[in-house]
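Trainee: I am new to this structure. Please take me through one part of it closely, the surroundings of the ligand.

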Amino acid sequence: MEMGSLLPHAASLFAVSMASLMIAAVLSIVRRPWPWKTAAISREAVLRLLGVRLGDVPTTVVRDGAVAVDALVRRADAFSDRPAGGGATSIVSGGRAHNINTVPHGPLWVALRRNLTSEAFHPDVSASAARSAGGGAGVVVPVRDCLYAALFALNVATCFGDGVDGELVGAMRAAQQEFLRFLPRARVFSTFQKAARLVYPDRWKQLLRHRRRQEEMYLPLIRAINEQRRTRGTPSPPPPTTYVDTLLYLEVPADDGRRRRKLSDGEMVGLVSEYLGAATGTVVAQLEWALANLVRRPDIQTRLCGEVEAAAGGEPCAYLRAVVMECLRRHPPVSSVQRHMVRDVMLGGAHVARGNVVSFAIEEIGRRQHGMHEKLGAALPHRIFFPVSQLHYQIWTSSEEFSPERFMEGGEEGVRLAIGSKQEATTKVKMMPFSAGRRTCPGMGYAILHLEYFLANLVTAFEWRRVPWEEEVDLTADYGFITTMQHPLRALVVPLSNDRSTVV
Ligand code: HEM
């Protein structure tokens, strides 16, 4: 072989070896314990300095209701998918398995969502679970933890039935809360997962540990229900009475689009975790915000309690609904919703490229206050703002004030809670706490039922007062996965039936 023909070969060999050496060097640095941990500089900050943004995508923020509804409802085809990385099931399965929240729009989404709205929330299923959960509201000490325990127990009953051991319910609750606190950190695995796993090996192990714990708790219960169903199921299986029942019945489209298949264990665990998480955290946050406002405004509390007591016969309670609506407007538990763009679009005069994310600032839409986006943006890391210029603000009267009266007859006009269809999208949009369009929250009716039920009972059983030796209740928000009170509510709770007082 001539020297001339060897040279390019040697050069490419040299280049390959150098590249391998560099990759090995980078990996060995990345996998070593990071010295800057001790210097209080985060791994994310260093990677960002180097221009690496794992799990991050340029984001356009929409702060105007009309633009939001135009996109989410009228142009739903382009705005139907969320960005990847919203759930452990999809991350752990490398995008092969999903829950409702993460599955791309298509036949599987239709099947899973229809099952939740038409089967699990069917009055027969909810009623049987509600009966079994009887008295789940419990005793109120301390507010957030107590509400969480009560709502979680109720949702476990609607999910698995009433036979779940109390200790196991407690363990499931602790695991679910820990998992939800961890979930935002798993976002780095949503894109370039292999690289992210090398950079964050401990975080990846943590994610797998969370997932295993859920499997260990949920799968035996799911299998027991399946077994019961099979033994009772001759000649035909009994009608479903819980969410898990509906999932066991369900057949979803197979990948080939022609056949049907049953859900896998992984999918079931993900769907159960989604149900327990979505149905508990949001409602608890709303109830805590509502009670905090009632402590600050005894006049509203007195009117509410009076109305509920007078309506003991079961008439609708307009003021109770107004308090719930005002709470959803003023403190929506989900501050923004995101869409992953499947194609280039023009939005409110701005060009948004395929692959980018559009974030709809639904809290701001319900409050109509300039400057809010900076606060929300600061809480969500790595946001890039392309403000949409077309702002048709329909300002509420004193939008920061908690005023249920605006939802009573003669109050402010043009408010809709659900904006599902293209016809409805022509009405004025003043708030959208459950979002709008195809992926709007399927749990809206269920959530409002629970909010009214719990609130009505809490204000008629107790009086909620400010703790006299403490500061006024602080309404500062903590914009996490769900928007909660930064300083959990403490209130003096006086049972209305007798005179014992309890500080919670
Ligand atoms: C006050 C209570 C609640 C609020 C404010 C709320 C709000 C929301 C919002 C804003 C979204 C995102 C919609 C979008 O991306 O356009 C959502 C999605 C979702 N919510 Fe709720 N939610 C609540 C309660 C519930 C309950 C009780 C459930 C019952 C299991 C539930 C299940 C879901 C599910 C499965 C999704 C994903 C829907 C899909 O991708 O098709 N939510 N919710």
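Trainee: Which polar backbone atom is 3.4 Å from an oxygen atom of the ligand?

Mentor: That backbone atom belongs to isoleucine 100. Keep in mind that this is a predicted model.

Stay with the ligand's oxygen atoms. Tryptophan 109 has a polar side-chain atom 2.8 Å from a ligand oxygen. Arginine 439 also takes part: an N or O atom in its side chain is 3.0 Å from an oxygen atom of the ligand.

Now look at who supplies the shell. Four elements give two or more residues to it: α5 (107–120), α12, β4 (337–340) and α17. Helix α12 gives the most, with 6 residues. In total, 26 residues surround the ligand. Those that come nearest are Arg82, Trp109, Arg339, Ser435 and Cys441. By class, the shell holds 16 nonpolar, 5 polar and 5 charged residues.

Next, the metal. The ligand carries an iron atom, and the protein offers it a single donor. That donor is the SG atom of Cys441, at 2.3 Å. Find Cys441 in the loop between α16 (372–379) and α17 (444–461).

Serine 435 lies in that loop too, between α16 and α17. Its phi is positive, about 70 degrees, although the residue is not a glycine. Serine 435 counts as buried because its relative accessibility is 4%, under the 20% limit. Serine 398 is also placed in the loop between α16 and α17. Serine 398 has a positive phi as well, near 40 degrees, and is again not a glycine. Its relative accessibility is 44%, so serine 398 counts as partly exposed.

Go back to arginine 439, and follow it to aspartate 81. Aspartate 81 sits in the loop between α3 (65–74) and α4 (88–92). Leaving out residues up to four places away in sequence, aspartate 81 touches Arg439, along with Pro104, His105, Gln338, Arg339, His340 and Val342. One of these partners deserves a closer look. A polar side-chain atom of aspartate 81 lies 2.6 Å from the backbone nitrogen of histidine 105. Aspartate 81 is buried, with a relative accessible area of 15%.

Isoleucine 100 leads on to helix α5. Leucine 116 belongs to that helix, and it is in contact with Ile100. Its other contacts, apart from neighbours within four places in sequence, are Phe121, Tyr243, Tyr275 and Pro442. Leucine 116 has 8% relative accessibility, so it counts as buried. Now compare positions along the chain. Leucine 116 and leucine 271 are 155 residues apart in sequence, yet their C-alpha atoms are separated by 9.9 Å.

Finally, step out to the nonpolar cores. In soluble globular proteins, nonpolar side chains tend to be buried together. Here the largest core has 101 residues. Helix α12 (residues 265–296) supplies its largest share, 16 residues. Phe160, Met172, Leu276 and Leu455 touch the most other members. Take methionine 172 as an example. Its contacts, leaving aside neighbours within four places in sequence, include Phe160 and Leu276. Phe152, Val156, Val164, Met217, Tyr218 and Leu221 are also in contact with methionine 172. A second, separate core has 21 residues, among them Val67, Ala68, Val358 and Ile365.

Key: Residues are numbered from 1 along each chain as its sequence is written. This is a predicted model: local features need pLDDT of at least 70, side-chain atom pairs count only at pLDDT 80 or more; totals for chains, interfaces and linings use all residues. Side-chain values use heavy atoms; hydrogens and water are left out. Donors are N, O and S atoms within 2.8 Å of the metal (3.2 Å for Na, K and Ca); water is not among the atoms, so sites may look incomplete. A nonpolar core is a set of buried Ala, Val, Leu, Ile, Met, Phe, Trp, Tyr and Cys residues joined through side-chain atoms within 4.5 Å. Buried means under 20% relative accessible area, exposed over 50%, partly exposed in between (1.4 Å probe, protein chains only). Contact means heavy atoms within 4.5 Å. A residue is near a molecule or strand if one of its heavy atoms lies within 4 Å of it. A polar contact is a pair of N or O atoms within 3.5 Å; within protein, one must be able to donate a hydrogen and the other to accept it, and residues adjacent in sequence count only if both atoms are side-chain atoms. Ala, Val, Leu, Ile, Met, Phe, Trp, Tyr, Cys and Pro count as nonpolar, Asp, Glu, Lys and Arg as charged, and the others, Gly among them, as polar.
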